[in-house]
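User: I should like to go through this protein model step by step, beginning with its interior. Please reason briefly before giving each answer.

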Amino acid sequence: MLCLGVSGGLDRVYESSPELPNTFLHDGAAVLVRDGRVIAAVEEERLNRVKHSNKFPSNAIRYCLSTAGVELGEIDRIAFYATEAYCNTMLERLCVSQPIPLDAKLVLRQLLAREFGAEVDASRVSFVNHHEAHAVSAFAMSGFEQSLIFAVDGGGDFLSGLLAVGSGTDITRLASFPEHNSLGLFYLETIRYLGYGLFDEYKVMGLAPYGDPTPYRELFAQFYELLNNGGYRVHLDRIGPALLRSILVRRKGMPFTQQHRDVSASLQEALERIVFHVLRHHREATGMTRLCLAGGVAHNCTVNGRLLYSGLFDDIFVQPAAHDAGCALGAALMMSNELGKPVPRERLQDVYWGPGLGNERAIEQELNAWSGHLDVQRSDDIAGSAADWMANGAVIGWVQGRSEFGPRALGNRSILADPRPAENKGRINAMVKKREGYRPFAPSVLEENASEFFELPDGKREFPFMNFVVRVREAQRSVLGAITHVDGTARLQTVSRKTNPAYWDVINAFKKRTGIPVLLNTSFNNNAEPIVESVSDAIATFLTTDLDGLVVGPFLVKKRAPTRQDWSALSVSLPPYASLHRVRSHTARNRHETVCEIRTGGSGHDSMRVSHELFELLMRIEGEASLGWLLDTTELDEAKREDLVKELRLVWEQRRVRLHPPRAVCDCNATQGEAQPELMSSAMSTRPPGEEAGQRVRLQSASG
């Protein structure tokens, strides 16, 4: 019995759809379940390279089908992660002036037919309640026979969360929370005044320990009420006016003041007070001693850590893909249960459900295609070689096996380093992540050594998903300087030899050399992209950051100093999500000038200005073109050509263009894995049939 769960939007990444001018959902993903067990799962952003992709997850579905070796017509049930009524309402709001059918099931079936060339009978398409999907995704994977379930996020299906009791395969709702009481929106509304927005919530969670909640505690007390029977009320309309009167509003890019740190601390404290109020009441009312958490708010690892230490529950399970991509998991599991194939009552051990790297020959071919830029060596002891690098101060990319489902790099698509030197935190934030210097990094520790370095509640030793902030033992805080946060805590991942032997081996090899069974682990990406997925993604990120080394499968990779000829041999192309625009813009002196932009969205909000020379060069590309040929056909002198190459490399770093070996040399479709070749390649090779690059390059003239 095969059940496919789907999250995301109802239009495609390659176009601004005439039917759907906007999208209303995000975190696209696909999860395939066979007889209650997950066999494949990946977020669309990993494949189309658009962060938090709100498009239809065609690539993710294609990967799931390929992994199972089936066609879409062989899937018994396809489930979308919101109710049909909700989707229809959103379509009506968005497309009120469009002469199209406002029927979500019809739109979904048309998309499936268009993408996969197969008509899907309406009886095989289902829509599920958004928060029930969250709840099932956690309870079904927890291994609990009974538990309290708290699913809470920004919003979905006109609610912001629910509280329920799970028993066996049944879930009984106890309470639901309307959108105007959304804890997700409560957090989001506040961080707007700290220079942050949607998907930045975790950054403020990391900033909070630098602040003191005391100065703004009374102010925040005006923003919410704790009611009887575990109820609460938030006053979203009060937050903006009060903060405007009380603090200097921070704009993006401005420095942080102590005011901003203290507001972050007050916000975190308020969230914790509300969550504990709700859960304490229902813990007492139901007698449930176990808790399952899901929904975007469940990614607040600090709250989870407080619950862990509180002793309020004997055991807590947080679904590792707690955000909306996890609803694809819940939707698939709901359908499997409905068809008589419930999830086995087992605790989730790992989420390595994504695409693999392919065989060794394929990996080597992909790496060697960059021979002018990379020095590649095979190692018979890859764990030992990588550990030697890190023990000697190197920061490395580590790419192995199948990728992780969810937002955390759990040892298969990671950046790794020595966790001891405190300066490593600032170094990696600057050299790779290009992000705020205060942001913490997580430790990965051998499961059997975890309690030696971290204060864990009695009987707890498995924390495989980075879902909990725990206390670093005081004696170890100075030792683990790079992963210990300012408040003496860390977001912990324990590593089991059984679930990830390759990752366990490299940590153990580091332990043999240093006596420390811990590595600094952060996601392998820069600030402009999702976590790397394929070998080609890893190469691009390695070459556009200051990482010291790269380990892919059994291969050790270092950088070479490429010549001008090496750069000229590369091909240039636009990713499917990028388009070129020439627009009229106001200057500081209130004059108009024509500027050139590369946009990665439907508007100018996500745009990057480029020189007129680079714009004209990119306009001449049809599909892809050799950089050497493009430069040879310009009339610029040698110095200007050098400047153009430098600018192109900066634009590549921001993933607005792609640089890659010619396809005659490196056929990415053939090198990314045997089971799912067409899916593991870069975004260029996942373009739908018949859609040429020129259709994605849009030249516009506009005022503004």
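User: Which residues of the largest nonpolar core touch the most other members?

Analyst: The model is a predicted one. Its largest nonpolar core holds 145 residues. Helix H10 (residues 258-286) gives the most to this core, namely nine residues. Those that touch the most other members are Phe150, Phe186, Leu279, Phe454, Val506 and Leu618.

User: With which residues is Val506 in contact, leaving aside its neighbours within four places in sequence?

Analyst: Val506 is among the core residues that touch the most other members. With neighbours within four places in sequence set aside, the contacts of Val506 are Ala383, Ala386, Ala387, Met390, Trp398, Leu416 and Leu519.

User: How many residues are in the other core that lies apart from the largest one?

Analyst: This other core includes Ala60, Leu65, Ile75 and Phe317. It lies apart from the largest core, and its residues number 80.

User: What percentage of the residues in the protein is buried?

Analyst: The protein is built with 23 helices and 28 strands. Among contacts between residues at least 6 apart in sequence, 72% join residues at least 24 apart. Of the 704 residues in the protein, the buried share is 60%.

User: Is Thr190 buried or exposed?

Analyst: Thr190 belongs to helix H6 (residues 183-191). Beyond four places in sequence, Thr190 is in contact with Phe220, Ile239, Leu243, Val263 and Leu267. The relative accessibility of Thr190 is 0%, under the 20% limit, and therefore Thr190 counts as buried.

User: Which element supplies the largest share of the lining of the second largest cavity?

Analyst: The whole structure has four cavities of 30 Å³ or more, and the second largest of these encloses about 60 Å³ of space. Its lining consists of Phe150, Val152, Val275, Leu293, Val297, Ala298, Val303, Asn304 and Leu307. Strand E6 (146-156) and helix H11 (301-310) each supply at least two of these residues. The largest share, three residues, is that of H11.

User: Which residues lie nearest the centre of the second largest pocket?

Analyst: This pocket contains about 400 Å³ of space. Strand E12 (315-318) and strand E19 (489-495) are the elements that give two or more residues to its lining. The lining comprises 30 residues, and those nearest the centre are Arg347, Glu462, Phe463, Pro464 and Phe465.

User: How far apart are the C-alpha atoms of Thr494 and Val445?

Analyst: Thr494 lies in strand E19 and counts as buried because its relative accessibility is 4%. Beyond four places in sequence, Thr494 is in contact with Val445, Glu447, Ala450, Arg461, Glu462, Phe463 and Pro464. Thr494 and Val445 are 49 residues apart along the chain, yet their C-alpha atoms are separated by 5.0 Å.

User: Why does Leu456 count as buried?

Analyst: Leu456 is placed in the loop between strand E17 (454-455) and strand E18 (468-472). Not counting residues up to four places away in sequence, Leu456 touches Ala450, Ser451, Arg461, Phe463, Val470 and Leu492. Leu456 counts as buried because its relative accessibility is 14%.

User: Is Asn229 buried or exposed?

Analyst: Asn229 is found in the loop between strand E9 (224-226) and strand E10 (232-234). Although Asn229 is not a glycine, its phi is positive, at about 60°. Its relative accessible area is 60%, over the 50% limit, so Asn229 is exposed.

User: What is the phi of Phe158?

Analyst: Phe158 lies in the loop between E6 and strand E7 (159-167). With a relative accessibility of 38%, Phe158 counts as partly exposed. Phe158 is a residue other than glycine, and its phi takes a positive value near 65°.

User: Over which ring does the charged end of Arg620 sit?

Analyst: A charge counts as sitting over a ring if, among other conditions, it is within 6 Å of the ring centre. The charged end of Arg250 sits over the ring of Tyr196, 5.4 Å from its centre. For Arg620 the distance from the ring centre is 5.6 Å, and the ring is that of Trp629.

User: Which residues do ring pairs link into a cluster?

Analyst: The aromatic pairs come to twelve. The cluster linked by ring pairs consists of Phe80, Tyr81 and Phe127.

Key:
Residues are numbered from 1 along each chain as its sequence is written. This is a predicted model: local features need pLDDT of at least 70, side-chain atom pairs count only at pLDDT 80 or more; totals for chains, interfaces and linings use all residues. Side-chain values use heavy atoms; hydrogens and water are left out. Rings of Phe, Tyr and Trp (its six-membered ring) pair if their centres lie within 6.5 Å; planes under 30 degrees apart count as stacked, over 60 as edge-to-face and the rest as tilted. A charge sits over a ring if NZ of Lys or CZ of Arg is within 6 Å of the ring centre and within 35 degrees of the ring normal. A nonpolar core is a set of buried Ala, Val, Leu, Ile, Met, Phe, Trp, Tyr and Cys residues joined through side-chain atoms within 4.5 Å. Buried means under 20% relative accessible area, exposed over 50%, partly exposed in between (1.4 Å probe, protein chains only). Helices (H or I, at least four residues) and strands (E, at least two) are DSSP runs, numbered from the N terminus. Contact means heavy atoms within 4.5 Å. On a 1 Å grid over the protein atoms alone, a cavity is a set of points where a 1.4 Å probe fits but cannot get out, and a pocket is an open set with protein on both sides within 12 Å along at least five of seven lines; lining residues have an atom within 4 Å of a point. Grid points are joined across faces, edges and corners, and a volume is the space filled by probe spheres set on the points.
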